Amino acid sequence: MVEKGSWTVKKGLAEMLKGGVIMDVTTPEQAKIAEEAGACAVMALERVPADIRAAGGVARMADPTIIKRIMDAVTIPVMAKARIGHFVEAQILEALGADYIDESEVLTPADDLYHINKHDFKVPFVCGAKNLGEALRRIGEGAAMIRTKGEPGTGNVVEAVRHMRAVMGEVRRLQNLPKEELMTAAKEMAAPYDLVLYVAEHGKLPVVNFAAGGIATPADAALMMQLGVDGVFVGSGIFKSKDPAARAKAIVAATTHYNDPQILAEISTDLGEAMPGIEISTLSPTERMQERGW
Amino acid sequence: MKIGVLALQGAFREHRLMIESCGTEAVEVRKPASLDQVQGLIIPGGESTTIGKLMCDFGLDQAILQRAEAGMPIFGTCAGLIMLAKTVRGSNQFSLGLMDIEVERNAFGRQVDSFEFDLPVPVLGYKPFRAVFIRAPWIEKAAPNVGILAQYNEKIVFVRQGNFLASSFHPELTGDNRIHRYFLNMVKEAVN
């Protein structure tokens with residue numbers, strides 16, 4: 001019997017993206033540049049996070065025309081973002097044939113209490129998380145891939161690092177707890193008990209875990225890889241820089257050769273200026289996208 | 001005996017774990033020098049355009065071709081199958097061109113069309129193989145010197161040509177290591 005949209009198939013695509021770079025693009029031309037540079041997938045958007053931040057107002061799912069044009073332009077997987085809790089945007093993206101849906105804090109949340117029940121869909125979902133509890137809640141709802149939230153559109157990697165260290169620290173802590181303490185741990189981190197048991201036993205998340213939110217240089221990508229992520233999302237970092245094609249290619253190489261400082265030194269040379277960065281402390285709490293969702 | 005797993009991008013960790021589950025040592029290959037210590041190579045699933053570019057940028061294309069000519073067995077899955085093919089339909093992307101096959105990329109459709117299926121694979125015995133197809137290619141044409149090991153709906157999805165083995169689906173994503181053991185036997189025969 002043919003089984004479509006199974007958990008193996010949903011999680012499987014994320015496995016194929018590992019060791020790769022997923023790039024935000026807003027036009028078919030940018031999608032081609034990303035593909036040519038070696039991106040393993042693109043995220044089709046109307047605006048990159050830095051511009052969403054600058055524009056303010058309500059950020060929604062991209063116009064289907066843009067998503068379709070980008071799908072026609074490249075052969076690599078095309079992802080798209082839906083607002084947190086907006087299951088109809090997700091239904092539309094699935095109908096369009098998007099390969100992955102990012103239920104994303106970069107867009108303005110549509111529901112302040114509930115995320116999408118991602119088990120309802122054949123298309124797989126990726127969701128952001130700041131810590132292990134949040135990651136396991138999203139997986140419990142059906143996310144087949146997790147990424148750090150970081151702080152999108154800032155070109156500042158500090159929040160992605162904080163979130164990755166938080167997840168890894170909590171994973172290590174669970175591994176060291178005796179079994180009778182795991183239910184209390186599940187209660188404290190508000191995470192499904194069966195997933196807490198899985199993490200305690202295996203020492204890792206049950207799905208692929210990428211870095212996102214503030215990655216702007218090859219060194220940033222390699223840093224996140226050395227901290228233990230499986231791959232990297234780059235949002236504004238590429239097309240807000242001086243030489244997007246060269247930077248994109250260098251970040252791809254850095255994600256593969258993250259453990260080789262010699263190669264990292266070579267590929268980091270002559271890339272032109274990175275995107276302008278934002279110091280996190282200058283953002284008011286309401287400007288921090290990572291606080292969206294729970 | 002050591003098996004290399006090309007670790008440029010994609011599901012290389014799963015292949016390494018499968019080889020290790022067969023009791024054989026696996027090495028992640030990112031640079032040409034690592035090829036010297038292996039007797040067989042797996043090219044994993046991932047994005048074929050990404051893997052192809054990284055292969056050429058870091059000199060692995062020539063290094064792999066040299067070893068292949070000298071008889072090293074290679075097993076490619078999904079993107080790895082595309083890398084082994086002589087012709088990729090409607091595309092000018094790089095491939096090693098070691099197998100006389102013509103492949104169609106994303107032939108089964110986009111991710112919403114990805115599927116799993118109990119595939120009969122006669123060389124593995126009576127029990128079908130749980131085959132996971134993810135945005136998978138199929139083999140449109142195979143030369144007479146290519147052995148067809150499995151078909152799905154009359155589409156060729158698993159082939160062998162001499163020391164080269166290739167599948168559209170992902171045997172590294174299921175617990176079943178029969179195809180990895182089949183490949184290890186090919187490597188053993190080539191070494192002796």
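The lining of the largest pocket in this predicted model mixes all three residue classes: 17 of its residues are nonpolar, 10 are polar and 11 are charged. The pocket that these residues surround has a volume of about 830 Å³. If you would like to find its middle on screen, start from Lys18(A), Lys204(A), Asp230(A), Arg13(B) and Glu14(B), which are the closest to the centre among the 38 lining residues.

From there, it helps to look at the secondary structure around the pocket. Chain A brings α1 (7-17), α7 (158-176), β8 (208-211) and α10 (218-226), and chain B brings α1 (12-21); each of these elements gives two or more residues to the lining. The largest share belongs to α1(B), with 6 residues.

Now let's move on to the second largest pocket, which holds about 380 Å³ of space. Here 16 residues form the lining, and those closest to the centre are Thr75(A), Thr49(B), Ser91(B), Gln93(B) and Arg105(B). Which elements supply at least two residues each to this lining? They are α2 (28-37) of chain A and α3 (48-57) of chain B. Of the elements involved, α3(B) gives the most, namely 4 residues.

The class make-up of this second lining is worth a look too: 1 residue is nonpolar, 8 are polar and 7 are charged. For the largest pocket, to recall, the split was 17 nonpolar, 10 polar and 11 charged.

How values were computed:
Residues are numbered from 1 along each chain as its sequence is written. Chains are lettered from A and ligands numbered from 1 in the order in which they are written. This is a predicted model: local features need pLDDT of at least 70, side-chain atom pairs count only at pLDDT 80 or more; totals for chains, interfaces and linings use all residues. Side-chain values use heavy atoms; hydrogens and water are left out. On a 1 Å grid over the protein atoms alone, a cavity is a set of points where a 1.4 Å probe fits but cannot get out, and a pocket is an open set with protein on both sides within 12 Å along at least five of seven lines; lining residues have an atom within 4 Å of a point. Grid points are joined across faces, edges and corners, and a volume is the space filled by probe spheres set on the points. Ala, Val, Leu, Ile, Met, Phe, Trp, Tyr, Cys and Pro count as nonpolar, Asp, Glu, Lys and Arg as charged, and the others, Gly among them, as polar.
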